[in-house]
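Please examine the structure shown below together with its sequence. The paragraphs after it proceed from the ligand outward to the backbone and then to a pair of helices.

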Amino acid sequence: MKKLLIAVILLLGGLGVVSCSHKNKSMNNFTFNRPSDSTVTRKVNSLLGKLTLSEKIQMLGGTGFTTQPIKRLGIPPLKMVDGPLGVRASEISNGTHWRATAFPSGTAMAASWDTTLVHNTGVALGEELRGEGQDVLLGPNVNIARNPRAGRTFEGFGEDPYLTSRMGVNYIKGLQSQGVAATVKHLAVYTQEYHRMFINSKVNRRALHEIYFPAFKAAIHQGHTLALMSSYNKVNGVYASEDHYLLTDVLRNEWGYKNLVMSDWGAVHATMPTETSGQDLEMPTGRYLNASTIKPLLASGKVTKQHINQQVRHILRVIVSLGLMNHQHQKDSTLVNNSAHRKLARKVAREGIVLLENHHNLLPLDLNGVDTVTVMGPAAKHVMRGGGSSEVQPPRQVTPWQALTQRIGQKVALKYIPGVMTDREAPAISGKQLYTPYNGGKMGLKGEYYANNDFSGSPVVTRVDSAVQFGAGSGGSSIGSIVSKPDSIFNNGFSMRWTGSVQVPVSGTYVIDVTDNNGMRFYFNGKQELQAKLHYGVAPHDYKVHLKAGKKYPIRLDYYSRGSGVHIKLGIRRSNAYLIKKAVQAAKSSKLVLAFVGVNSNFASEGHDLESLRLPDGQDSLLDAVTKANSNTVVSVSDGEPLVMTPWNRQAGAVLDAWFGGEETGNAIADVLMGDYDPGGKLPITFPEKWSDSPAAKTYKQNDSTAVHQEGIYVGYRYFDEHNIKPEYPFGYGLSYTSFSFSNIKATKQDSTVKVTFTIKNTGKTAGQEVAQAYIHKENSSVKRAPHALKGFSRVHLSPGQSEKVTINFPRSQFAYYNTQHKKWAVEPGAYTILVGSSSRDLPLQTKVSW
Ligand code: BGC
């Protein structure tokens, strides 16, 4: 019986994966005909019959960002590029590429609660991928935001499995309509960057199935994803890439997934357990999956030929499904960062903006009688975004300052003051501020460059550098290009040493900042004051010191790496206390203050978690002081995750969360500030009043090896609701410039679907948007369940006075919980309440149904 059930599930899953040839049209009339499943199977079988065993084994390991081609049979490589927030063309090492559109963060997309918009974003990403001549995008990221401090929270779609599933499925469908493959990642329970390569996510089975798996399952059954990436971490003691339960029992057998499973980059740790787990492809190279490691296992019978056939079959299925045996995508610059995509990026950014506070209707802005507006904060003149493999550097981007200058610069005087300065903005120390006695005495520092990573022997280059600022982006420039020597002489790494002195024209407290991507030591006055060990990503390190005008202070900076990517900056800025004092003076004399604050990739990034949920670099103190000085302050926050905002959010006139809004963020924010567009975004993640309220806080960094998910299924709002903790802003929350009423709820049951209808009316004076959210609660549940869980939503646009009848259908499966004893989903008989409203904590409508 059980076998029969599995066979049926497999069949259904299989049908779901590639059901028939579906036609899809993109914005530029491209049509992709995906071959039927039987055609794919036939072609793949034929190729498998022709491949030698050695060729098959060769295909199990990648080569950088591609799979291994087999030229003899015309099997092309699968070319992959990082996503998910843009086609990260900088990863493509060979040939021309154009710089892609930087779309808003996943949290911004999810905050739109607009599945069509996310589908269209997928289409645009697919077009750009095609335009770059590439085949596979490494996204979407559907990991659940259990820990708001996780460095990659911004990439994903928030904390709820249902919302994440809807977003993921639509993203994938849009993307794959362009004849390219999505890679849903990272399976599974990848919830923090801290020790991400080794951490063991200890989590119960029910939470796996109810919280962490649904978006992957939906990506397979509804999104028909062609590829999936397993994660770095361990799940209940086993590395994801070696996890037979995860990759075979659940993924293959239960869900019927037939396509490619690739490892994350460097996530494979051993041959045998990976080979037999259900993993197909080791990336970026076949370090553990290669002829010398696999052939002995074949000889001893521990690994079978059938098994290798199965792995290669999954890789070939992607190649054949995309039609790549016959035709490769042709590069086409008109598909990359074109005006349609920029327009779309602006729409996504705008629809995702969440209005958190609007005291006395300060927004939309009324500039009558205002002649000067004070603009401040690090996000005014910078586009904030998260860092790591998803970071896209677009060819152009619009800051709030640029957008406002264009929009209102004619009508009012815009006055900019920094307020605080982040390390990103801190200018490099240069010119008259640096001096070296070397070579007769020069302005600048003596730079010594070594072809090893420990300063041994003689430097290969010695010169004077007028400033220390080399490399850009997380990868940085190569050392060879910096010293005009071949990169090959630095095969053993490099080290650089700068010596000299620093002086400033005005006495005061300064912050000397070293931003680097490797190992570093900084000495001031002969004493080591900063140190960084070899690390991943770019990180700032600050040294605060009082400097007397005109005095020369000796400094030395050592920077070293085993690789060749350089990113180093020696910067300086006035202390924030000084800048804040200036900002308060300006705020006091202004009618209106616009403060643009946020976090950037120094804080939110792959490779490290956020040190706190508070705004960094003194921005909290700035906002506290400025909102006290002038309550007519509008705060626009750029972030990728929740932030703790008290007390300034309660003192400010208005607060909006603009997320990491991508390259059009400035225009999108201006659209909302000026009232051209009603902010209809809703939070896809709970904003706690304080970090310790978050369930993850209880065990975070408790030890270096295990992340104990002691909260089980109570992730996000489920936890806050279960424990009666008041969040600062609940899941699903967001204000509008107008108001809405909810009425007339009715539920009808037909066969295995409950149909719920209700009416939303725009009761205000302007057109606006509301996201109606429907949650399910089980009455007298015999098992522990969340008080209520999101199971449906609909975003509606209404003119003043207009009403709309909204229908949401709930298939019976939406009422189920995962029964760990029977290892299957079960619907408990009895009464359920369906609650409808405008956020998880504002649910005025209720109706009951029974199963
Ligand atoms: C990340 C993946 C990414 C891969 C390739 C890994 O470090 O976890 O999300 O796709 O690198 O850049």
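The following account treats the ligand site, the backbone geometry and one helix packing in turn. The model is predicted, and its local features are reported at a pLDDT of at least 70.

The ligand is a suitable place to begin. Its surroundings consist of 13 residues, and the closest of these are D82, R152, H186, D264 and E606. By residue class, the shell comprises six charged, five nonpolar and two polar members. Three of the closest residues can be followed to individual atom pairs. In the side chain of D264, an N or O atom lies 2.6 Å from an oxygen atom of the ligand. For H186, the corresponding separation between a side-chain N or O atom and a ligand oxygen atom is 2.7 Å. R152 places a polar side-chain atom 2.8 Å from an oxygen atom of the ligand. On its own, the ligand has 310 Å² of accessible area, of which the protein covers 94%.

H186 leads from the ligand to the backbone. This residue belongs to strand 5, which spans residues 181-187. What is the configuration of the peptide bond from K185 to H186? That bond is cis, with omega near -5 degrees. Thus H186 is one of the closest residues to the ligand and is also preceded by a cis peptide bond.

Another cis peptide bond links M283 to P284, with omega at about 0 degrees. P284 is located in the loop that connects helix 10 (272-275) with helix 11 (291-299). A further backbone feature concerns W659, whose phi is positive, at about 55 degrees, although the residue is not a glycine. W659 is situated in the loop between strand 29 (654-657) and helix 19 (665-673).

The packing of two helices completes the picture. Helix 5 covers residues 115-131 and helix 6 covers residues 161-176; their axes are 6 Å apart and meet at an angle of about 35 degrees. The crossing of helix 5 past helix 6 is right-handed. Which residues form this contact? Helix 5 contributes T115, V118, H119, G122, V123, L125 and G126, while helix 6 contributes R166, M167, N170, Y171, K173, G174 and L175. Between helix 5 and helix 6, the contacting residues comprise six nonpolar, six polar and two charged. Glycine occurs on both sides of the contact, with G122 and G126 in helix 5 and G174 in helix 6.

Note on methods
Residues are numbered from 1 along each chain as its sequence is written. This is a predicted model: local features need pLDDT of at least 70, side-chain atom pairs count only at pLDDT 80 or more; totals for chains, interfaces and linings use all residues. Side-chain values use heavy atoms; hydrogens and water are left out. Axes are lines fitted to C-alpha atoms, for helices over the stretch in contact, and angles run from 0 to 180 degrees between N-to-C directions. Helices (H or I, at least four residues) and strands (E, at least two) are DSSP runs, numbered from the N terminus. A crossing is left-handed if the near helix is turned anticlockwise from the far one by less than a right angle, and right-handed if clockwise. Contact means heavy atoms within 4.5 Å. Ala, Val, Leu, Ile, Met, Phe, Trp, Tyr, Cys and Pro count as nonpolar, Asp, Glu, Lys and Arg as charged, and the others, Gly among them, as polar. A residue is near a molecule or strand if one of its heavy atoms lies within 4 Å of it. A polar contact is a pair of N or O atoms within 3.5 Å; within protein, one must be able to donate a hydrogen and the other to accept it, and residues adjacent in sequence count only if both atoms are side-chain atoms. Accessible areas come from the Shrake-Rupley method with a 1.4 Å probe; for residues, only the protein chains shown count as cover.
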